[in-house]
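Thank you all for coming. I would like to walk you through one structure this morning, so please have it open in front of you while I talk.

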Amino acid sequence: MDLTFSSEERAFEQEVRDFIAANLTPEIKRATALTPSVFSDPDIGMAWQRALHKKGWGAPGWPVEYGGPAWTAAQRWIFEAECARAGTPNVNVMGVKMVGPVIIGFGSPEQKNFYLPRILSGEDYWCQGYSEPGSGSDLASLKTKAVRDGNDYIINGTKIWTTHAHHANRMFALVRTNDTERQQDGISFILIDMKSPGITTRPILTIGGDHEVNQVFFDDVRVPVANRVGEEGKGWTYGKYLLEFERGSGIASAKLREALKTVSDLAESDATGRAIDDPDIGLRMSEIEVDIDTLEMTELRVLSALQTGQNPGAVSSLLKLRVSEIRQAVTRLGVEVIGNDGLYVEPMRPFYKLNEQPGIPEEMLPVVPEYLNSRAYTIFGGSSEIQRDIVARMVLGL
Amino acid sequence: MDLTLSDEQRLLRESADRFVSETYDADHRRRQASDPLGFSAAIWKQFADLGWLALPIPENYGGLGGGAIETGILMEAFGRGLVSEPYLSTVVIGAALISECGSEAQKQALLPGIADGSLYLAFAHSERAARFDLAKVATTASKTSDGWRLDGQKTAVLDGNAAGQIIVSARVAGDNGTPGKLCLFLMPAGMPGLASRDFPRLGGGRACNLDLRDVRLPADALLGDGSDALPAIEAVVDRAMAALGAEAVGIMQTLLDTTLEYTKMRKQFGRPLSANQVIRHRLADMAMQCDEARSMALRAALMVDAEPTARSRAASGAKAKIGKCARFVAEQSVQLHGAMGVTEELDIGSYFKRLLAFDTLFGGSAHHYRRHAALSGRSIQT
């Protein structure tokens, strides 16, 4: 056993560093650091996506025939870790990491040819239509209806918590095409052009003050049947496949370590009166760092199992729970570190486009909104309660 | 980057698991509880025959040259069976202190005896006033015309009752009243001036408190050349904490497995306990913490040869985190067994107590989070 990467992997790491140094502009870096929401705004995220695509790194997880870079599990780890260290923005996760793999896995040749290149290049921006006002954790109870009419479906209903629906030109959605006895059997996976007549989007502001999520309404929206992925009634299977991606596949420890470093740098600065000298804060920082070390080691165990072709199995399903809890702990500590400056509210967004100098040091602006927004981590993608149900069922066989 | 076991390591794990499951059960533990040694000399001989005692000892001293991963594999199996043989005291700590500090002659004289099972060792370091500060030693060693004189008190000397040689830490006064450096001495059992109070240890095995009054040792009792032994003590204790972490993982996994079975079998209100969501979530948390402990024990083992700050941060991080997880898993195991969990009629209590002892040894979670913070340049309460 050893924890070190091979010389080829080290060389790759250097290549990633060089790429980032040459392409991550100070403007994108600053904008990312000042973004308190879960996802980066498209103007910074897509600029980064275009740079990645130019290099051939637009979709690290995709098979090579669809434009993936054919990286090993270790290379993906290194890439993610270096991006986190350098502070690169999030790209359109809903495109690259969610709908992309579903289209690759279950889409028609036409769908693959049309959509995949547009995800890679950043031409399309995707949002996810899963949750509904009445269907949160119990996703299969969703009611948005798609009724067949010739070569179209006519869609009526509403989706909620739709991240970046106000930026997206496309949505992938789970819709009810049949009222089957078993709810899951009547669901289909469909790709929707957001410019279709009958779609309206209502912004929902989060408690952090950010406009990230929306409610989307469908009133007799026509979508070609050709936009259905795979078979009618199999949407639940495809959707679950995607949720697995949403849950397990990320490499979160490097990002969390960087987030803790940001808090630690603030705590060591005179701007916070050197909060780090408060023994309680120093101690809590160590507790969180140890939790990140633990998470990283678990991620490396998963990586090592993947490398040798083993199924990481139980371990990966535990990750989402811990990642979300650690994220909340880091952001909570941040609020304590900045003390009274946490009372300052800046309602304007985005922070990186403010015209005036804020009343507190700029780097403190995202701290409180980040904490407030981070409460969503234990809720989205299957709440922590649902995750524990899954662990009990899948890991413990209960 | 490879965290999978080699074929040899897999075989070691299989043989250790098999030996432990065939040898150790509740009856065995009851028998050993009344044994003056606190363990079985016959089993120790079997450990020697299996090559386990030679495992981490360098090859040129009759050992097999294994590392912390191999030690961890054994310790995890030992945890599953609550093994009370003095593997930690004699092999993980004793042999390592001799390897780190001993002179060539001392290594030649002592290490083969550890490997073949003829020598038990104990490490007498902790003192009441020091709590868990490894640098704080009040026991003194002064030079005499023909050797050394030791005075002081040592507490919780694991397996000190059985040891043929006890490795004692003491301060050697510097010249002209300068603060003394820490040295290690080999003290044979039963020396004049040595009073030993031996007691059964929480979680199995035995230990003793030592009172040293004018204990006279020959000049060659000094381990090594007399340079400051604190760095070596810290390195060896970090290694011991990694090994103990692996043992804790074995204990925790057994508690989880046992509790899982119990909640599936035990019926109340017409259904198994495990049908209740509150129980299922508790078990999910226990499983998660077992897995986190496993990650940290492995991490500490992989870091034992890193530079001292990184090594100690990993060891303290592991000890703190595993201690926290262990407490949760242990307490919830008792809780979910209901009233039976607080009786001596089930095994649960023995495993619970062993984890409590684990948390105490070399300092609990709070101590090690503080040490981690101090090593990370963060302010700590003094």
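Let me begin with what covers the buried residues of helix 11 of chain B: the cover includes helix 9 of chain A, together with helix 9 (308–336) and helix 10 (348–360) of chain B. Helices here are DSSP runs of H or I of at least four residues, strands are E runs of at least two, and both are numbered from the N terminus. Please keep in mind that this is a predicted model, in which local features need pLDDT of at least 70 and side-chain atom pairs count only at pLDDT 80 or more, while totals for chains, interfaces and linings use all residues. Residues are numbered from 1 along each chain as its sequence is written, and chains are lettered from A and ligands numbered from 1 in the order in which they are written.

Eight of the 11 residues of helix 11 (residues 365–375) of chain B are buried, so this helix is largely enclosed by the rest of the structure. A residue is called buried if 20 or more other C-beta atoms, placed from the backbone, lie within 10 Å of its own. Among the buried residues of helix 11 of chain B are B:His368, B:Tyr369, B:Arg370, B:Arg371 and B:His372, and after the helix comes B:Gly377, with a positive phi near 75°.

Since helix 9 of chain A has already come up, let me turn to the contact between the chains, which takes 33 residues from chain A and 32 residues from chain B; two residues are in contact if their C-beta atoms, placed from the backbone, lie within 7 Å. Which helix gives the largest share of the side of chain A that touches chain B? That is helix 9 of chain A, with 14 residues. That side of chain A divides into 19 nonpolar, seven polar and seven charged residues, where Ala, Val, Leu, Ile, Met, Phe, Trp, Tyr, Cys and Pro count as nonpolar, Asp, Glu, Lys and Arg as charged, and the others, Gly among them, as polar.

Now to a helix pair within chain B. Helix 4 (residues 68–81) and helix 7 (residues 230–265) of chain B pack at an angle of about 35°, their axes 7 Å apart; the axes are lines fitted to C-alpha atoms over the stretch in contact, and angles run from 0 to 180 degrees between N-to-C directions. The residues of this contact divide into 10 nonpolar, six polar and four charged.

Finally, chain A as a whole: its secondary structure comes to 12 helices and eight strands, and 44% of its 398 residues count as buried.

Note on methods. Buried ≥ 20, exposed ≤ 12 C-beta atoms within 10 Å, placed from the backbone.
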